[in-house]
Amino acid sequence: MDPLKSRIREIPDWPQKGVSFKDITPLLLHPPAFQMAIDRFVEEFDTASIDKVAAIDARGFLLGAPVAYFLDAGLVLVRKQGKLPSRTLAESYELEYGKNVLEIHDDSILHGERVLVIDDVLATGGTATATAELVKKVGGLVAGFGFLLELSDLNGRQKLAGEHVFSLLVY
Ligand code: AMP
């Protein structure tokens, strides 16, 4: 088994029946696995001239911050509604379970900057698509998407067709 996959804990029927929740906290607890995950993202996007990493609330922050550091890029927080203190733009989206609104600071990306979107899980692709919309709304170019894991049955990759989509693990 992939050394990263063995560090992902699957919680059946959480937070609701029918959802198999992918818990990344065991991976975060294990330095070699955490380092390997970050290194793989950095290797994949090292030559993509990334200016900013847009990390998605909340687990995307944990991965996006070290990736931004190593890519020598700025870190943009894409947050759930009502959390960002300055002027924001918003986008609503469907989740595998429920509905949500994401926001971005309207001055966090300069016109034409190349942005890498990072999150822990690609499920239906709604969250990533909404984030890409926010990046474009503030003037950025989406240069790629990076996920720790992808739930292939939910076809999120199809929503991101034509983009550079990189998942460390596929379920
Ligand atoms: P989606 O918008 O459907 O692609 O859902 C992706 C977002 O929801 C990510 O921010 C994930 O953290 C979270 N998510 C969705 N499904 C799961 C799952 N099965 N396990 C863990 N997180 C999930």
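A residue counts as buried when its relative accessible area is under 20%. I keep that cut-off at hand for the entries below, all of which refer to a predicted model.

**Entry 1: F41 and its ring partner**

I looked up F41 first. Its relative accessibility is 0%, so F41 is buried. I then searched the whole structure for aromatic pairs and found five. One of them joins F41 to F166, with the ring centres 6.2 Å apart and 80° between the planes, which is an edge-to-face arrangement. This pair connects distant parts of the chain: F41 sits in helix α2, F166 sits in strand β9 (residues 165-170), and the two positions lie 125 residues apart in numbering. I checked F166 as well; its relative accessible area is 18%, so F166 is also under the cut-off and buried.

**Entry 2: a second pair**

I noted another edge-to-face pair, formed by Y69 and F70, at 5.2 Å centre to centre and 90° between the planes. Is Y69 buried or exposed? Y69 has 65% relative accessibility and therefore counts as exposed.

**Entry 3: the ring cluster**

I went back to F41 to see which rings are linked with it. Ring pairs join F41, F45 and F166 into a cluster.

**Entry 4: V42**

I moved on to V42, which is placed in helix α2 (residues 31-45). V42 is buried because its relative accessibility is 13%, against a limit of 20%. Which residues does V42 touch, if those up to four places away in sequence are not counted? I recorded V67, F70 and L71. F70 is also the ring partner of Y69 in Entry 2. For Y69 I took the C-alpha separation from V42: 9.6 Å, with the two residues 27 apart along the chain.

**Entry 5: lysines over Y171**

Which lysine did I find over the face of Y171 at 4.3 Å from the ring centre? That one is K5. K22 also lies over the face of Y171, and its distance from the ring centre is 5.3 Å.

**Entry 6: H105**

My last look-up was H105, found in strand β6, which covers residues 99-105. Its relative accessible area of 18% is under 20%, so H105 is buried. Leaving aside neighbours within four places in sequence, I listed the contacts of H105 as L84, P85, S86, R87, T88 and V138.

How values were computed
Residues numbered from 1 in each chain as written. Predicted model: local features only at pLDDT ≥ 70, side-chain atom pairs only at ≥ 80, totals over all residues. Heavy atoms only, no water. Helix = DSSP H or I, 4+ residues; strand = E, 2+ residues; numbered from the N terminus. Buried < 20%, exposed > 50% of the residue type's maximum accessible area, 1.4 Å probe, protein only. Contact = heavy atoms within 4.5 Å. Phe/Tyr/Trp six-rings, centres within 6.5 Å; stacked < 30°, edge-to-face > 60°. Lys NZ or Arg CZ within 6 Å of the ring centre and 35° of its normal.
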